Amino acid sequence: MLRIAVPNKGSLSEPATTMLKEAGYRTRRTGRELVLIDEANEVELFFLRPRDIAVYVGQGTVHAGITGRDLLLDSGVQAVEHLALGFARSTFRFAAPAGTMSSLADVAGKRVATSYDVLVREYLRAQGVEATTVHLDGAVESSVQLGVADLIADVVETGTTLRAAGLEVFGEPILASEAVLITTEAYRDEPGLATLVRRLEGVMRARSYVLIDYDVRMNDLHLATAITPGLESPTVSPLQNPDWVAVRSMVPRADMNRVMDELYEVGARAILVSSLLACRL
């Protein structure tokens, strides 16, 4: 039975649970459930702190887990990223009092407050910059004002909290993070993991595409199918009126409205768009 670690709280928890549900796995009914056995799919789910998941995976206690790329790299364990999941995206940046620092060279010799000691130290070492890290479990934005550090390194989403603390980001991003499925080299070929990956990929692709149906005159079919070529080829079906055909094709969700407009311009009618729940491409 495949053992999977799932975030039990925080920004990773709800979207991870939703993705697993859309992939056909059972999910817990209350936040108090710590272990859930899905016998139909031969999976055992463990709901753990996001920061601890990489440790459990790295030690082989579970076969795979969902966590953040930043948390994986900061853990320092022998676990590897197996699949990027496309949610909980953020950037990891340096920030200092406005106008005081502008490049990585300014970090040399300074104190850097962070909750991600390993990640920051490895980054600075790779860049040839010597600085001291100051570990804090949270609210690192206050560390500069309180004199604990000269700058911070932290996850940045909107930057609102930083600006409120009088800080601004500088330099290149340390890391672009998102939710990832992780495992170890020993478990890459574990039975059930390939199925999990296919299902998660199916959910992500279904979220990225829509199914579009429309009717078009035979004389205009070549114009319409040039707009909706599909993956291999669109499906074209005859209608009762021999002058018209029905067409079905997958198109990127982001292009949906533009495609509908272009189809209408070339004479397509009865244009319908449907969401996909899952797919295998």
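Which residues does UniProt give for the feature "domain: ATP phosphoribosyltransferase catalytic"? The unreviewed entry places this feature at residues 49–201. The structure shown is a predicted model.

**Annotated spans**

A second annotation comes from an unreviewed UniProt entry too. "Domain: Histidine biosynthesis HisG C-terminal" covers residues 206–276. The table lists both spans by their computed content.

| Span | Helix | Strand | Distance between end C-alpha atoms |
|---|---|---|---|
| Residues 49–201 | 27% | 31% | 24 Å |
| Residues 206–276 | 28% | 41% | 5 Å |

**Domains**

The chain is also divided into three parts. Domain 1 takes in residues 2–87 and 177–206. Domain 2 runs over 90–176. Domain 3 runs over 209–275.

**Where domain 1 touches domain 2**

Take the centres of domain 1 and domain 2 over C-alpha atoms: 29 Å separate them. The two domains touch through 9 residues of domain 1 and 9 residues of domain 2.

The size of an interface is often given as the accessible area lost when the parts come together. Between domain 1 and domain 2, the buried area is about 740 Å². Carbon and sulfur atoms give 51% of that area. Which residues of domain 1 lose the most area to domain 2? They are Asp70, Asp74 and Ser177. Together they make up 65% of what the domain 1 side buries.

How many residue pairs are in polar contact between the two domains? The count is 6, with both residues at pLDDT 80 or more. Salt bridges across this interface number 0.

Helix H3, residues 69–75, gives the most to the side of domain 1 that touches domain 2. Its share is 5 residues. By type, that side of domain 1 has 5 charged, 2 polar and 2 nonpolar residues.

**Salt bridges in the structure**

Side chains of opposite charge can pair when their charged atoms come close. The structure as a whole holds 13 salt bridges. One of them joins the side chains of Arg3 and Glu44, at 3.4 Å from N to O. This pair links distant parts of the chain, 41 residues apart. Arg3 sits in strand E1, residues 2–7. Glu44 sits in strand E3, residues 43–48.

Note on methods: Residues numbered from 1 in each chain as written. Predicted model: local features only at pLDDT ≥ 70, side-chain atom pairs only at ≥ 80, totals over all residues. Heavy atoms only, no water. UniProt positions renumbered as here; feature names shortened; annotations may be inferred. Helix = DSSP H or I, 4+ residues; strand = E, 2+ residues; numbered from the N terminus. Domains from an automatic or database assignment. Contact = heavy atoms within 4.5 Å. Buried area = accessible area lost by both parts, 1.4 Å probe. Salt bridge = Lys/Arg side-chain N within 4 Å of Asp/Glu carboxyl O. Polar contact = N/O pair within 3.5 Å; in protein donor to acceptor, adjacent residues only side chain to side chain. Nonpolar A, V, L, I, M, F, W, Y, C, P; charged D, E, K, R; others polar.
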